[in-house]
Amino acid sequence: MAPWHWIVVGVIAILLFGGKKLPELGKGLGEGFKGFKDGLKGINDEPKAAPPAAPVETAQASTPKATSTLPR
């Protein structure tokens, strides 16, 4: 993009958000990019070997059938 494109974008941003909101928006955008970058870094890291999971014991219990209380 040409430099004058950035100037137009900046002017539009100031008109839309106002001068006081722009630093807050920039900070939020920067934190968002940082979090995204950290998230991507976590995806690329190989997980450490986890201990094998213990088998889950299930109790077999009978459940009563639901009956409708609505009139027919």
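**Close-up views of a two-helix chain**

**View 1. The chain as a whole.** Buried residues account for 1% of the 72 residues in the chain, which is shown here as a predicted model. The chain contains two helices and zero strands, and its exposed area comes to about 7,600 Å², of which carbon and sulfur atoms supply 66%.

**View 2. Helix 1 and the residue that follows it.** Helix 1 covers residues 3–17, and its 15 residues, taken at 1.5 Å a residue, should span 21 Å. The C-alpha atoms at the two ends of helix 1 are 21 Å apart, in agreement with that expected span. Just after helix 1 comes Gly-18, whose phi is positive, at about 85°.

**View 3. The nonpolar surface patch.** A patch of about 950 Å² on the surface is formed by the nonpolar residues Trp-4, Ile-7, Val-8, Val-11, Ile-12, Leu-15, Leu-16, Phe-17 and Leu-25. Helix 1 provides the largest share of this nonpolar patch, contributing eight residues. One of the patch residues is Leu-15, which lies in helix 1 and has a relative accessible area of 69%. Because exposed residues are those with over 50% relative accessible area, Leu-15 counts as exposed.

**View 4. The salt bridge in helix 2.** The count of salt bridges comes to one, and the pair concerned is Lys-21 with Glu-24, whose closest N and O atoms are 3.8 Å apart. That distance meets the requirement that the side-chain nitrogen lie within 4 Å of a carboxyl oxygen. In general, side chains of opposite charge can pair when their charged atoms come close. Lys-21 and Glu-24 are three residues apart in helix 2 (residues 21–44), and therefore about one helical turn separates them. An α-helix has 3.6 residues a turn, so residues three or four places apart point the same way.

**View 5. Exposure of the two salt-bridge partners.** Lys-21 has a relative accessible area of 45% and is therefore classed as partly exposed, whereas Glu-24, with a relative accessible area of 53%, is classed as exposed. The dividing value here is 50%, since residues with over 50% relative accessible area are exposed and those between 20% and this value are partly exposed.

Technical notes: Residues numbered from 1 in each chain as written. Predicted model: local features only at pLDDT ≥ 70, side-chain atom pairs only at ≥ 80, totals over all residues. Heavy atoms only, no water. Patch = residues over 30% accessible without salt bridge, like charges linked within 9 Å, V, L, I, M, F, W, Y side chains within 5 Å. Areas by Shrake-Rupley, 256 points an atom, 1.4 Å probe, with all protein chains shown as cover. Helix = DSSP H or I, 4+ residues; strand = E, 2+ residues; numbered from the N terminus. Buried < 20%, exposed > 50% of the residue type's maximum accessible area, 1.4 Å probe, protein only. Expected span 1.5 Å × (residues − 1).
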